Amino acid sequence: MRLWLVLGILVLLLIVLLLILVMASSITVRMNLVLRSREHHAMVHIRLLYGLIDRRYEFPSRMEETGMEKEEDGTTMGSHGNANIEDGTEQKKKDRQKLGFKDFKLLVRATDGLKDWLIDTMSKVKLSGILWSSDVALDNAAETAVAAGALWGVKHTVLGWLSYHLKMKSVPELYVNPDFNGPPQFSTTFHCTAKVSVAKMMMAGLGLLIRVLKVKGGIRIWRNTLSRELS
């Protein structure tokens with residue numbers, strides 16, 4: 001009997017220790033975004049539970065020259081089956097975008113103060129390692145100079161809004177590189193690291209649940225919406 005009691009206490013202490021370790025851990029998200037004329041590439045690296053969970057997601061969207069050449073030559077349009085498949089895929093993408101926008105409006109109505117919750121949750125996030133560099137060139141030097149100045153204003157406005165709602169742990173590095181002699185072009189790269197504790201995110205999740213429960217039928221709307229998104 002005493003042996004089972006000791007084992008039970010040890011198991012309970014182990015569970016409590018694991019919970020403390022989990023609550024004391026943090027979620028780190030690193031994001032890289034590249035926007036160029038022929039390339040749109042994003043990488044998100046998520047790390048939590050002291051590296052036990054480490055995931056990397058990449059979202060490339062590249063205009064393949066071979067695909068463009070085939071379309072210009074008409075070789076890809078010769079098969080009606082392929083055209084129908086592409087049309088069906090594009091239609092599905094459009095339907096998902098419309099559904100997502102409608103779902104977001106439903107979730108806003110199904111939550112008591114969703115905007116306030118979002119702002120409060122953002123205040124728990126710490127940002128560091130912000131690097132935002134852009135290259136811009138227009139038809140002539142005067143237009144390029146005006147565009148570079150406007151781009152500086154946009155960047156300072158965005159970073160000012162972020163610094164107001166999030167905690168900045170380091171000074172952002174901003175660059176605007178005007179090219180007065182090059183052909184018209186625009187490219188930008190963005191990198192940042194966001195960090196938040198698991199305990200604060202769990203509290204934020206609990207707060208969201210409470211706000212949803214305050215709205216009649218809120219849980220049902222969230223459940224139905226999420227089930228459609230996952231299906």
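Where is the place of Lys216? Lys216 lies in the loop that links helix H6 (198-213) to helix H7 (218-230); helices here are DSSP runs of H or I with at least four residues, numbered from the N terminus.

A word on the basis first. This is a predicted model, in which local features need pLDDT of at least 70 and side-chain atom pairs count only at pLDDT 80 or more, while totals for chains, interfaces and linings use all residues. Residues are numbered from 1 along each chain as its sequence is written, and side-chain values use heavy atoms, leaving out hydrogens and water.

Back to the loop: the C-alpha atom of Lys216 is 7.8 Å from that of Ala110, although 106 residues separate the two along the chain.

Helix H6 has 16 residues and spans 23 Å from its first C-alpha to its last, close to the 22 Å expected at 1.5 Å a residue (1.5 Å times one less than the number of residues). Val198, Ala204, Leu208 and Val212 of H6 are buried, meaning under 20% relative accessible area with a 1.4 Å probe and protein chains only, whereas exposed means over 50% and partly exposed is in between. The four cover an arc of only 115° around the axis, so they sit on the same side of H6; the arc is taken from the directions from the helix axis to the C-beta atoms. Met203 and Leu213, on the other side of H6, are exposed.

Two further exposed residues can be set side by side.

| Residue | Place | Relative accessibility |
|---|---|---|
| Lys216 | loop between H6 and H7 | 84% |
| Leu3 | helix H1 (residues 2-24) | 59% |

Methods. Helix = DSSP H or I, 4+ residues; strand = E, 2+ residues; numbered from the N terminus.
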